[in-house]
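Student: I have a structure to go through. Can we test each label against its cut-off?

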Amino acid sequence: MIVSHCRPCDITKQADMSVCALLTGTMKLYKFVCLFLSLLNLLQRYEIVNGLVEVDGVNKESSMSQEDNTTEDKGVPNFWLTAMKTNEVLAEEITERDEGALKYLNDIKWYRVDDPKGFRLEFQFDINPYFKNLVLTKTYHMINEDDPILEKAIGTEIDWYPGKCLSHKILKKKPKKGSKNAKPITKIETCESFFNFFIPPQVPEDDEDIDDDAAEELQNRMEQDYDIGSTIRDKIIPHAVSWFTGEAVEGDECDDLDEDREDKDDEEEEEEDGKDRKTSKKRVSGGLQGGQGEKPPDCKQQ
């Protein structure tokens, strides 16, 4: 039998270290809870996210824990960028190049529009090196809000600083040898970017101007555009804190599973209904044939 002999001072030191670690973890949890509960109040969210007000246990850090005099970021850095990237629909639209500009996003709001019916999204930005606009808007005009049927969407024209445009890139090609034009050829190409959201697909005034394939493509683009806008309105804005912390992902996945189950149940019910209809048809046709006598077996040639 092996007996471990520990000195009292060692035991006391280990206990002190355990208590210290426990208190440190508790303080971190306390700060997170304070931040989470405070952010739940939508009226205070803007001030807290942008560091305009202090939250007990979050912004009041002990000066002893800071080794240098570097200033700490106020508020919650990259709050909206993180919340949006956590959502699966929006994450597909945000590129790595977009992140630099979206870090300056300080608030997102939405308003109901009455004439014509619809809603407007408002993205508020701090002064930034990418574009001059401090507010970017996206307005959806609906033919029918209940259905809903989208008539058109209108986005703000972004006033980019030179060389900072994220939605387009300028390519300059050297002229071919022997060409009379010595100037480089300039070509503008569209880039994948979240900011293309503010350049929505346009519906031509005359439907006869587009063929069936183009009409179908336009329809798909409009549905995707509306899906992004409604996601921001219905999920991100009211539940931004949950998306920032990642808690909303679990709830969203559960909702998707519930929808999948409902869809499967509906499909199974439709299949059962179809089988019942087929069975009833067989019974009806069988009854009709029975009134005339059974169908004789096929004659076989001998």
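Student: Why is Cys 191 called buried?

Tutor: Its relative accessibility is 12%. Buried means under 20%. Cys 191 is therefore buried. Bear in mind that this is a predicted model.

Student: And why does Cys 165 count as partly exposed?

Tutor: Cys 165 has 22% relative accessibility. Partly exposed lies between the 20% limit for buried and the 50% limit for exposed. So Cys 165 is partly exposed.

Student: How do you know that Cys 191 is in no disulfide?

Tutor: The nearest cysteine sulfur belongs to Cys 165, 7.2 Å away. A disulfide needs two cysteine sulfur atoms within 2.5 Å. The pair therefore fails the rule. By this rule the chain's count is zero disulfides.

Student: What makes Asn 106 buried?

Tutor: A relative accessible area of 4%. The cut-off is under 20%, so Asn 106 is buried. The residue sits in strand S1, residues 105-113. Beyond its neighbours up to four places away in sequence, Asn 106 touches Tyr 46, Asn 50, Trp 80, Gln 124, Phe 125 and Asp 126.

Student: Why is Leu 134 called partly exposed?

Tutor: Leu 134 comes to 43% relative accessibility. Buried ends at 20% and exposed begins over 50%, so the value falls in between. Leu 134 lies in the loop between strand S2 (118-125) and strand S3 (135-144).

Student: What makes Leu 134 eligible for a nonpolar surface patch?

Tutor: A patch residue needs over 30% relative accessible area. Leu 134 has 43%, so it clears that bar. The patch consists of Ile 127, Leu 134 and Val 135, with about 290 Å² of accessible area together.

Student: Which residues touch the most other members of the largest nonpolar core?

Tutor: Phe 123, Phe 131, Tyr 140, Phe 195, Phe 197 and Ile 232, in a core of 42 residues. Helix H6 (212-236) is among the elements that give two or more residues to this core. H6 supplies the largest share, six residues.

Student: What does Phe 195 contact, leaving aside neighbours within four places in sequence?

Tutor: Its partners include Asp 98, Leu 102, Phe 131, Ile 158 and Trp 160. Contact here means heavy atoms within 4.5 Å.

Student: Why would nonpolar side chains be found together at all?

Tutor: In soluble globular proteins, they tend to be buried together.

Student: And how much of the whole chain counts as buried?

Tutor: 27% of its 302 residues. The chain exposes about 22500 Å², and carbon and sulfur atoms supply 50% of that.

Notes: Residues numbered from 1 in each chain as written. Predicted model: local features only at pLDDT ≥ 70, side-chain atom pairs only at ≥ 80, totals over all residues. Heavy atoms only, no water. Buried < 20%, exposed > 50% of the residue type's maximum accessible area, 1.4 Å probe, protein only. Areas by Shrake-Rupley, 256 points an atom, 1.4 Å probe, with all protein chains shown as cover. Patch = residues over 30% accessible without salt bridge, like charges linked within 9 Å, V, L, I, M, F, W, Y side chains within 5 Å. Salt bridge = Lys/Arg side-chain N within 4 Å of Asp/Glu carboxyl O. Helix = DSSP H or I, 4+ residues; strand = E, 2+ residues; numbered from the N terminus. Core = buried A, V, L, I, M, F, W, Y, C linked by side-chain atoms within 4.5 Å.
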